[in-house]
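Hi everyone, thanks for making time for this. Please get the picture up on your screens, and I'll talk you through some of the things I found worth a look.

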Amino acid sequence: MLLSPALVFALLAGCTGSATHALSIQVDPVTALIDLPLHISVSGVDAGGQATVTAETVDRLGAQWSSSARFTADGQGQIELASQAPVSGDYSGVQPMGLFSNLHSDSSTALPFYLPPTPTQTVTLTVKAGTVSATRTIVRELTHTGMTVIDIRPEQDGFYGEYYSLRGMTSYMPSVVVFGGSEGGLYFSALTARMLAAHGFPSLAVAYFQAPGLPATLNSIPLEYFTKALTWIRQQPGVDTSHVLAYGISRGSEAALLLGANFPELVNGVVALVPSDAATGSAWTLAGKPVPFTSEANQPHPTDNPAAIFPVAQVKGPLFMVCGGADRVWSSCPYARQIGLELDSARNGYPYTLLSYPQAGHGIGNLVPYLMAGRTGTLDGATPQANDLARAQAWPKLLDFLSRQKSP
């Protein structure tokens, strides 16, 4: 039996959507650095109808991760993730990149936080309305083509690290040495260093415990250990040796501030994320002696041991700080404000920036945005999405701060 063209069209429309609209998902750009926002939209939904958008990917260990959210289309059958809040799903409120920062995994091999595979993350986006679906595959890059990656190990260079820089750089750029926090190893410090390098800032991630050849715990780490890394990066091509910054997260910010104060010939500025204004335990030594520390938990400008307070006025360069007002690990905003007061009083001539996010928690220290960086309770802010929203605002400001350090 021959079918009329009109009947064939109607049958096909019943398989793929309405006769007047084809369900589709649009992403701009389809390929971009992993820290850049994407514009995601859906078209072809029935006017006022609902559709579910799902993101699926894998992490560096091969574990499966996914997230989803359900939206109501407007009168033209369109959904704009940049301006619409989902009616249900893995996040709430308007979050243009909510599907990415709220990925979760049921795999037993998955870490508590998402670490993207290198050098690219492939994400499959699917939109489903009723029985009809459409997909779009996108690529999120952790580097530009042509990045130099150097693994550094204690037995050869005296410290454990990973160095990232763009090949073929035509000018000298501000450079960064990144220290993670109490998680140890190179987890977020390596990701941060890679992304900073992708934006043109040669960066060195340094582990100082919980890595092969290093101490197992954060205790009595010589500050001189870090000076080896600071000296090493100054010898690399493309590094502006007048603008080498120490970048520390949480306990790593203690090291960054102490290095800036005690080795100004090596450190030309400090980035201190969710910082403390005083040494909070027996983590560090200097010249073979323990760095004084306080026993007053969550007490800015402690009085039990004034020598524990970091002499931040001795830092010979600018200071960039980010804190969370809902920090459950320690009082990072009161600490950061106290650092600002010390600098105001000293009038040492170097500017400082303090970005305070009242709803964010300690997890904002992992500043690279649009990645699920932990839902562990203690690292969260006042809301599950507070850290994600703060990262999206703070990261571009950090990149702008670094770009302003470039020598004329």
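I'll go through a sheet, a few side chains, a disulfide and some salt bridges. One thing up front: this is a predicted model.

Okay, let's begin with the sheet. What is the order of its strands? It's an open sheet of 6 strands, and the order reads 2-9-8-4-5-7, with mixed pairing. If you're new to this, strands of a sheet pair through backbone hydrogen bonds, either parallel or antiparallel. Now, which strands stand at the edges? Those are strand 2 (31–33) and strand 7 (88–89). Each of them has a single partner strand, so one side of each has no neighbour in the sheet.

Let's zoom in on one pair in there. Strand 4 (residues 50–58) and strand 5 (residues 64–72) run antiparallel, and 9 bridges join them. If you want one spot to find on screen, take alanine 55: its bridge partner in strand 5 is serine 67.

Staying with that sheet, have a look at glutamine 121. You'll find this residue in strand 8 (residues 120–129). Buried or exposed, what would you guess for glutamine 121? Its relative accessibility is 0%, so glutamine 121 counts as buried. And what does its side chain do in there? The side chain of glutamine 121 makes a polar contact with the side chain of tyrosine 114, at 3.0 Å. If we skip residues up to four places away in sequence, glutamine 121 touches a whole list of others, including Ile34, Thr57, Leu103, Pro116 and Arg140.

Right, on to another part of the chain. Helix 5 covers residues 223–233, and 8 of its 11 residues are buried, so I'd call this helix mostly covered. Among the buried ones are Leu223, Tyr225, Phe226, Leu230 and Trp232.

Next up is strand 19. Leucine 319 lies in that strand, and with a relative accessible area of 5% this leucine is buried. What's around it? Leaving aside neighbours within four places in sequence, leucine 319 is in contact with several residues, among them Leu257, Val270, Ile339, Tyr352 and Phe401. Here's another way to see how the chain folds back: leucine 319 and leucine 245 are 74 residues apart along the chain, and their C-alpha atoms are separated by 9.2 Å.

Strand 19 also brings us to the disulfide. How many are there by this rule? The count comes to 1. The link joins cysteine 323 to cysteine 333, with an S to S distance of 2.1 Å. Cysteine 323 sits in strand 19 (residues 319–324) and cysteine 333 in helix 7 (residues 332–346), so the pair ties together parts that are 10 residues apart in sequence. The link is right-handed, with 90 degrees about the S-S bond. Both cysteine 323 and cysteine 333 are buried.

Last topic: salt bridges. The idea is simple: side chains of opposite charge can pair when their charged atoms come close. How many salt bridges does a search of the whole structure find? It finds 3, and we can visit each in turn.

In the first stop, the side chains of glutamate 254 and arginine 251 meet, at 3.2 Å from N to O. Why are these two about one helical turn from each other? Because they're 3 residues apart in helix 6 (residues 251–262). Glutamate 254 is buried, with a relative accessible area of 0%. Arginine 251 has 16%, and that makes it buried as well, given that the cut-off for buried is under 20%.

Next, arginine 391 and aspartate 388 form a salt bridge at 3.0 Å, N to O. Both lie in helix 8 (residues 386–403), again 3 residues apart, about one turn of the helix. Aspartate 388 has a relative accessible area of 6%, so this one is buried, and arginine 391 is buried too. Aspartate 388 and glycine 324 are 64 residues apart in sequence, yet 12 Å apart in space, C-alpha to C-alpha.

And then there's arginine 404 with aspartate 400, where the closest N and O atoms are 3.0 Å apart. Is this pair out in the open or tucked away, which would you say? Arginine 404 counts as exposed, at 53% relative accessibility. Aspartate 400 is partly exposed, with a relative accessible area of 40%.

That's my tour, so over to you for questions.

Conventions. Residues numbered from 1 in each chain as written. Predicted model: local features only at pLDDT ≥ 70, side-chain atom pairs only at ≥ 80, totals over all residues. Heavy atoms only, no water. Buried < 20%, exposed > 50% of the residue type's maximum accessible area, 1.4 Å probe, protein only. Helix = DSSP H or I, 4+ residues; strand = E, 2+ residues; numbered from the N terminus. Salt bridge = Lys/Arg side-chain N within 4 Å of Asp/Glu carboxyl O. Polar contact = N/O pair within 3.5 Å; in protein donor to acceptor, adjacent residues only side chain to side chain. Contact = heavy atoms within 4.5 Å. Disulfide = S-S within 2.5 Å. Pairing = 2+ DSSP bridges.
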